[in-house]
Structure formats: C-alpha cells, structure tokens
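Q: Could you take me through this model and say, for each label, what value stands behind it?

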Amino acid sequence: MTPSLNVTTHSFTDCNAQAAALAERIADRLRAALNERGHATLAVSGGSTPKNLFERLSRETLDWGRVQITLVDERWVPETDERSNARLVQSLLLQHAAANATFVPLYTGDATPEAGLATADARIAALALPFDAVVLGMGDDGHTASFFPGGDHLAEALDLDRSARVLPMHAEGAGEPRITLTLATLLETRSLYLLVSGAKKRDLLADARLGLGAARDYPVRAVLTQQRVPVAVYWCP
Ligand code: 6PG
C-alpha cells in the first residue's frame, strides 16, 4: 500500500510569484519565531533555483540580527569558488535587510569533508534547533541536499535511527566532495519546503511520490514519504 504522504503542492504559473510567496511564508515563520522565542534558525539549499527567493527574502523586514542561517549542504570548495553555496548565500541572501543575520558555514577550510566533519558537526550542534524553516531543492537525478544516488554515505544520511548530524558525501553526480546535514537533522524543523521548477522536476516528483519506475529509488523519496514533518512543495514552470 502507498503510505499517505504529508505533502502539499503550491503550483505557480510564474516563478517570480513562487519566489515571492515562499519568501513571505519564510519571513512570517521567522517573525513568529522571533516573537515567541527571541531567535530564529533557517537552513537553505544552494544551486540555482533559490536565487530569486534569496533576493526577495533578503529584503523582508524583520530583526535579522537574531536570525542564524546555515546550509542544508555544501560543495567542498572555498568561498572564493563559484560553486560555493556559502558564496551564493553571502552574495544574495545576506544582503539588504538580511545583512545582519549570522551565517554558519559548513565548509571549514580543511582539505576534505572528512577532515572538517567534527568542526562542521559542532557548528550545527551549537545552533538553536529545531530550525524554523528548511528549504530543500532537487536535482534531475532525484537528489536533494547532498543525498545523491550512489553516494558513499547515502544510507547513513537517510537513516532516521542514526544520530549523525552531518556527513561527508562522495558521488559520481556530485561534481566535488560534499558535506550534508542528515535527513534526521533536516527534519528537526518547524517547517519544510521543497523549491522546484520545470516540467521535468514536476514529473519526477510525481513519480517519486507514487514510487514509480526509477523514481522509486530516488533519494528525494525519503523526504516525501517520511512522517515527521509535512512537506510544502513550491513549484513553477
Ligand atoms: C547543492 C544543493 C542541491 C540542489 C539541487 C538543485 O549544493 O547542489 O543544495 O541539493 O538543491 O542540486 O539544484 P538546482 O537548483 O541548481 O537545480
């Protein structure tokens, strides 16, 4: 039997409207957290899809000085590298009103993610969890965060009974070595968003939800089928 999925899809006909709606939603979450607890924590993906979201979110009026921002995953490259997710967040999200937020990077400057693991783990352990919002993306191969098909630590990263917060990841499709928050850590959140665009990803997600064909084994399926946190998919063409 297909498990009943805790997934809601918000479809937009225009990608600017999608980014604006999600930016407002996240800003509301952060404001509520600041009112209730005095601090807020956000984890975001890199890649190209969230650029528009970051631009808009960075202009939202709220007390960014009490917000911590980290990444769901990072490519193991210095911030000077164009592929660095930290670089992307610094240049698009930590701007304007959000320039006062505290950024907690995963990259440590060590030679490998294995060598930097303890430091990255300590940084995440020191965050005020649960996250108020986690924003995931998805690749055409069904990866999300750095949960890549064939990844050397994939099973461990998706295993909700393990306690690891952060893991290295090496995979053929990953480009460079990665470091990723584990699924258990990502699900320690008050809200979870999956930001995707394009017909290909829409169809892939539909297959992954139903466990059809190749998508049955896509790592993103672990996010869609888990029962801990509802998933809000934000899609545009
Ligand atoms: C990364 C990401 C990754 C991303 C997807 C989608 O560092 O690569 O965090 O999980 O969300 O690869 O990337 P695009 O938005 O570029 O399609």
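A: Helices here are DSSP runs of H or I with at least four residues, numbered from the N terminus. By that numbering Asp28 has its place in helix H1, in what is a predicted model.

Q: What makes Asp28 partly exposed rather than buried or exposed?
A: Buried means under 20% relative accessible area and exposed means over 50%. Asp28 has a relative accessibility of 41%, so it counts as partly exposed. Its C-alpha is 16 Å from that of Tyr234, although Asp28 and Tyr234 are 206 residues apart in sequence.

Q: How do you know that Cys15 and Cys236 form a disulfide?
A: The rule asks for a pair of cysteine sulfur atoms within 2.5 Å, and the sulfur atoms of Cys15 and Cys236 are 2.0 Å apart, which satisfies it. By this rule the count comes to one disulfide.

Q: What does this disulfide tie together?
A: Cys15 lies in helix H1 and Cys236 in strand E10, residues 231-236, so the pair links parts that are 221 residues apart in sequence.

Q: Why is the disulfide of Cys15 and Cys236 given a handedness, and which one?
A: The torsion about the S-S bond of Cys15 and Cys236 is about 95°, so the disulfide is right-handed.

Q: Which labels, buried or partly exposed, do Cys15 and Cys236 receive?
A: With a relative accessible area of 28%, Cys15 is partly exposed, whereas Cys236, at 1% relative accessibility, counts as buried.

Q: What makes a set of residues a nonpolar core, and which residues have the most contacts inside the largest one?
A: Such a core joins buried residues of nine kinds, Ala, Val, Leu, Ile, Met, Phe, Trp, Tyr and Cys, through side-chain atoms within 4.5 Å. The largest nonpolar core has 75 residues, and those with the most contacts inside it are Ile26, Ile69 and Leu194. Helix H1, residues 15-37, gives the most to this core, with seven residues. Leaving aside neighbours within four places in sequence, the residues in contact with Ile69 include Leu42, Trp64, Leu93 and Phe103.

Q: Why is the approach of Asn85 to the ligand called a polar contact?
A: An N or O atom in the side chain of Asn85 is 2.6 Å from an oxygen atom of the ligand, and the cut-off for a pair of N or O atoms is 3.5 Å, so the pair qualifies. The side chain of Arg178 likewise has an N or O atom 3.1 Å from a ligand oxygen. The protein covers 88% of the 420 Å² of accessible area that the ligand has on its own.

Methods
Residues numbered from 1 in each chain as written. Predicted model: local features only at pLDDT ≥ 70, side-chain atom pairs only at ≥ 80, totals over all residues. Heavy atoms only, no water. Buried < 20%, exposed > 50% of the residue type's maximum accessible area, 1.4 Å probe, protein only. Helix = DSSP H or I, 4+ residues; strand = E, 2+ residues; numbered from the N terminus. Contact = heavy atoms within 4.5 Å. Polar contact = N/O pair within 3.5 Å; in protein donor to acceptor, adjacent residues only side chain to side chain. Areas by Shrake-Rupley, 256 points an atom, 1.4 Å probe, with all protein chains shown as cover.
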